[in-house]
Amino acid sequence: MTILTVTLQKGGVGKTSLVANLGCTLATQGKRVLLIDCDPQGNLSTHYGYTARHLDRTLYEVLWGVVTPEEAILTHEASGVHLLPANNNLWALGSEMPRAAAQVPAFMDPDRLIQTRLGHLAELYDLILLDTPPSLDFLTRSAFAWATHLLIALQCEYFAVDASIDLLETLALIRQPERGLNPQLKIVGAVPTMFQKNNLSQESLETARYLYGQHGIRVLDAIIPRTVRYGEAPALGLPAVLAFKGAVRHHYDRLAEEVCAHVSA
Ligand SMILES: Nc1ncnc2c1ncn2[C@@H]1O[C@H](COP(=O)(O)OP(=O)(O)OP(=O)(O)O)[C@@H](O)[C@H]1O
Ligand SMILES: [Mg+2]
């Protein structure tokens, strides 16, 4: 059983696209896959064709404890993926929790909230993938706390590489022996996303290899190129690997193979 959190606190680097397409690839290979949308933007839910704002059973209600995860999880027929959706209600949770903490014991420890509410699901799936918001708030920390593994979405440009420095500092704190939030957390590596055949992408990749390498973290061999297909797919309500196949699917097959080799090692 693997709980894989996909992260980088910079916005728009390809986290959600990674979760949607990697999850779909693994599910179509026969794995039992649950995707959890931990981002109030609800983009992961949109990738699978759900209009998140119309849903009244989402991660928000699950974290409050008013519905069970099983009552909120949707089954995506075409891929076999199970999805726990989110919508913009989730923005409010951070400010609601301190006032409600006296009545809702789970709110006493926000960094363990996801684990407290969803922990029992780990036994039901081969792989649980969590999509995080572009921040290091309690939702992201809570996703770090529950994860067995972390995958970093590394857009091949300057600011994403720069944001990696803050992430590496945060990870060092989270993985601190005894005092850290999750000392056992393993890092699969950084996936280069939106790669283009130009000097900027190549130089960013080399800088990232050096930077992550200094912390013993690998930049994966599987690279996700920039193609308009990934931008088009959400409008079709399908992950790109289902909507387009071809090269898109080939890149994700390679990534899935590399990730699986790492998590089962
Ligand atoms: N490989 C790619 N090539 C081209 N466009 C891409 C690629 N991956 C993602 N995109 C597009 O770039 C935009 C940002 O991607 P995505 O939503 O996955 O990033 P994110 O890191 O999840 O963003 P946020 O931090 O806001 O949640 C989206 O419009 C998406 O469709
Ligand atoms: Mg996203």
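**Ligand 1 and the buried strand β2**

In this predicted model, a polar backbone atom of S17 sits 2.9 Å from an oxygen atom of ligand 1. Taken alone, ligand 1 exposes 620 Å², and the protein buries 81% of that. A second oxygen contact comes from a side chain: a polar atom of D39 lies 3.4 Å from an oxygen atom of the ligand. On the nitrogen side, a backbone N or O atom of P225 is 2.9 Å away from a nitrogen atom of ligand 1. Altogether 18 residues surround the ligand, and the closest are K15, T16, S17, P225 and Y230.

Next up is strand β2, which covers residues 33-37 and is mostly covered itself, with 5 of its 5 residues buried. In a regular strand, side chains alternate between the two faces of the sheet. For β2, V33, L35 and D37 are on one side, L34 and I36 are on the other, and both faces are covered. The strand also has partners. With β5 (residues 127-131), β2 pairs in the parallel sense over 5 bridges, and D37 stands opposite D131 there. With β4 (residues 82-84), β2 again runs parallel, this time joined by 3 bridges; here L34 faces H82.

One β2 residue, I36, turns up again in the nonpolar core. The largest such core has 96 residues, and I36 is listed with L22, Y212 and L255 as having the most contacts inside it. So what does L22 touch, leaving aside residues up to four places away in sequence? Its contacts are L4, L129, L151, Y252, L255, A256 and V259.

Terms used
Residues are numbered from 1 along each chain as its sequence is written. Chains are lettered from A and ligands numbered from 1 in the order in which they are written. This is a predicted model: local features need pLDDT of at least 70, side-chain atom pairs count only at pLDDT 80 or more; totals for chains, interfaces and linings use all residues. Side-chain values use heavy atoms; hydrogens and water are left out. A nonpolar core is a set of buried Ala, Val, Leu, Ile, Met, Phe, Trp, Tyr and Cys residues joined through side-chain atoms within 4.5 Å. Buried means under 20% relative accessible area, exposed over 50%, partly exposed in between (1.4 Å probe, protein chains only). Contact means heavy atoms within 4.5 Å. Helices (H or I, at least four residues) and strands (E, at least two) are DSSP runs, numbered from the N terminus. Two strands pair if DSSP finds at least two bridges between them. A residue is near a molecule or strand if one of its heavy atoms lies within 4 Å of it. A polar contact is a pair of N or O atoms within 3.5 Å; within protein, one must be able to donate a hydrogen and the other to accept it, and residues adjacent in sequence count only if both atoms are side-chain atoms. Accessible areas come from the Shrake-Rupley method with a 1.4 Å probe; for residues, only the protein chains shown count as cover.
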